[in-house]
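Visitor: I am new to this structure and would like to learn how to read it. Could you show it to me before we begin?

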Amino acid sequence: YLAIKIEGKNNRGQRLTIATLVELSRGLFSVKLIEQMEREILTALRWKINPPTVVQYISHLVELFPTQCAHSDFSRARHGILEMSRFFSELSVYQASLSIEQRPSVVAFSCVLNAMECVSTVSLPYSVRQDFLEDIAKATHLQEGMMEVCKARSHLRELHSTIPENQFDTSADGGSYDRNMSSLDRLSPVSVTGL
């Protein structure tokens, strides 16, 4: 019932109720019994269920980028940062210090910062980068120079360096931006289907 409460919906988009579960069990389980088991599970888990994920944090952080920018490639750069950040988040699961021991918000911020390095200053002007970092600091108290952020970024760079260059080009020189974005258009780094 816990999983259904958190994620489950019927074909009309409505959440299933405990009464529906009782009905589905044909009376084998009562409301009281289901609630009791739910309490036991939550107690055993110490109520640590459904925490925000790195990818959820990334989505929220990228929303703090300005929606409008004078540069024509900005929306494309923003999309590229989102996709590269997701790619870095996928890499983070390979290292316990990032996926288990570190706060998801720190890993997400580190992913976004590393992704921003892959975008040229032409497509993402310095002033926009600075405004974004200031907005992040105000909203989350995360800052680029924090020790845990620096360590997470370093770990992500190490993980990224193990990927053959021809699989995903993320060099940060000014001319690489177009190659990065065209490779993102062809193949999502987080897609298991290759679409």
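Guide: What follows is a short conversation about helices, burial and salt bridges.

Guide: This is a predicted model, in which local features need pLDDT of at least 70, side-chain atom pairs count only at pLDDT 80 or more, and totals for chains, interfaces and linings use all residues. Residues are numbered from 1 along each chain as its sequence is written, and side-chain values use heavy atoms, with hydrogens and water left out.

Visitor: How many helices and strands are there in the protein?

Guide: Helices are DSSP runs of H or I with at least four residues, and strands are runs of E with at least two, numbered from the N terminus; the protein has ten helices and zero strands.

Visitor: How many residues of H5 are buried?

Guide: Buried means under 20% relative accessible area, exposed over 50%, and partly exposed in between, with a 1.4 Å probe and protein chains only. In H5, 14 of the 19 residues are buried, while 37% of the 195 residues of the protein count as buried.

Visitor: Which side chain meets Arg86 in a salt bridge?

Guide: Side chains of opposite charge can pair when their charged atoms come close. A salt bridge is a side-chain nitrogen of Lys or Arg within 4 Å of a carboxyl oxygen of Asp or Glu, and Arg86 meets Glu83 in one, at 3.0 Å from N to O. Both residues lie in helix H5, three residues apart, about one turn of the helix. Arg86 is partly exposed at 24%, whereas Glu83 is buried at 10%.

Visitor: How many salt bridges does a search of the whole structure find?

Guide: The search finds six, including one between Arg153 and Glu117, whose closest N and O atoms are 2.6 Å apart. That pair links distant parts of the chain, with Arg153 in helix H9 and Glu117 in helix H7, 36 residues apart.
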